[in-house]
Structures are given as C-alpha cells and as structure tokens.
Amino acid sequence: MLASQTGTVLYSGDGLTEYGNLIMIRHSDNYITAYAHNSQLLVKEGEVVQRGQRIASMGNSGQTDQVALEFQVRLNGNPIDPRAVLGR
C-alpha cells in the first residue's frame with residue numbers, strides 16, 4: 001500500500017474493529033485519506049510520509065474475509081469521491 005499524497009500519519013492501529021489495521025493520513029488543512037484492512041502497518045502516528053511511500057501491506061483484517069483495500073478520501077470529515085482530488 002502506498003500513500004496517495006504527502007502528509008502526516010494521524011492514526012496507525014487496529015482500534016476500529018470494522019476497519020482492521022487502519023492508517024489515516026492528513027494531507028492538508030481539510031483532507032484525510034484512510035487505508036483499511038491491512039495485514040501489516042509500516043508507519044507510526046506522527047510520522048511524515050511522502051507520496052508513493054510504502055505505508056502498509058494489504059491484507060484481510062477487520063470485517064472482511066478476503067484480501068481487500070478500503071480507501072477513503074475525506075474532506076472536512078466527510079467521505080468524498082477520490083477521483084475528485086487524486087492526481088492533483
């Protein structure tokens with residue numbers, strides 16, 4: 001799993017059962033990305049990551065029975081269509 005953009009890791013853990021091993025990264029004042037269901041987390045909270053940096057290994061943690069990725073982009077806390085901002 002690679003970071004979609006440069007940012008700071010807000011969360012890296014498994015405290016939200018439905019998401020399994022989850023990473024959340026703040027990219028700007030209002031944008032956060034989330035990467036769920038990982039098998040291994042490679043970054044820690046507070047760490048600055050670069051666009052394209054490996055942050056996790058895909059897996060099937062949380063509420064899934066197959067290897068999967070749940071990727072979210074949030075603007076002001078609300079999920080948005082990632083296509084609206086990726087590639088900028």
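The following dialogue examines how terms are applied to this predicted model.

Tutor: In this predicted model, local features need pLDDT of at least 70 and side-chain atom pairs count only at pLDDT 80 or more, while totals for chains, interfaces and linings use all residues. Residues are numbered from 1 along each chain as its sequence is written, and side-chain values use heavy atoms, with hydrogens and water left out.

Student: Why are β1 and β2 called paired strands?

Tutor: Strands are DSSP runs of E with at least two residues, helices are runs of H or I with at least four, and both are numbered from the N terminus. Two strands pair if DSSP finds at least two bridges between them. Strand β1 covers residues 7-13, strand β2 covers residues 21-26, and five antiparallel bridges link them; the requirement of at least two is therefore satisfied. Within this pairing, Tyr11 lies opposite Met24, and Ser12 has Ile23 as its bridge partner.

Student: What makes β1 and β4 a pair?

Tutor: Strand β4 (residues 48-49) runs antiparallel to β1 and is joined to it by two bridges, and at least two are needed, so the pair qualifies. Gly7 faces Val49 of β4.

Student: Which strands does β3 pair with?

Tutor: Strand β3 (residues 31-41) is joined to β2 by five antiparallel bridges, with Ala34 opposite Met24. These two strands form a hairpin with four residues between them. Six antiparallel bridges also connect β3 to strand β6 (residues 70-75), where Glu70 stands opposite Ala36.

Student: What is found in the hairpin of β6 and β7?

Tutor: Strand β7 (residues 78-80) pairs with β6 in the antiparallel sense through three bridges, one position being Leu75 opposite Asn78. Two residues separate the strands, and Asn76 adopts a positive phi near 55°.

Student: Why is Ala56 called buried?

Tutor: Buried means under 20% relative accessible area, exposed over 50%, and partly exposed in between, with a 1.4 Å probe and protein chains only. Ala56 has 0% relative accessibility, so the residue counts as buried. Ala56 lies in strand β5 and, leaving aside neighbours within four places in sequence, is in contact (heavy atoms within 4.5 Å) with Met1, Ile23, Asn38, Gln40, Leu41 and Leu42. Ile23 is 33 residues away in sequence, with a C-alpha to C-alpha distance of 8.2 Å.

Student: What makes the set containing Ala56 a nonpolar core?

Tutor: A nonpolar core is a set of buried Ala, Val, Leu, Ile, Met, Phe, Trp, Tyr and Cys residues joined through side-chain atoms within 4.5 Å. The largest such core has 10 residues, including Ala56, Val9, Ile23, Val49 and Tyr35.

Student: How do you know that Asp81 and Arg83 form a salt bridge?

Tutor: A salt bridge is a side-chain nitrogen of Lys or Arg within 4 Å of a carboxyl oxygen of Asp or Glu. The N to O distance between Asp81 and Arg83 is 2.8 Å, which meets the limit of within 4 Å, so the term applies. The structure holds one salt bridge. With a relative accessible area of 36%, Asp81 is partly exposed, whereas Arg83, at 72%, is exposed.

Student: Why is Met58 called partly exposed?

Tutor: Its relative accessible area is 41%, so Met58 falls in the range between buried and exposed. Met58 belongs to strand β5 (residues 56-58).
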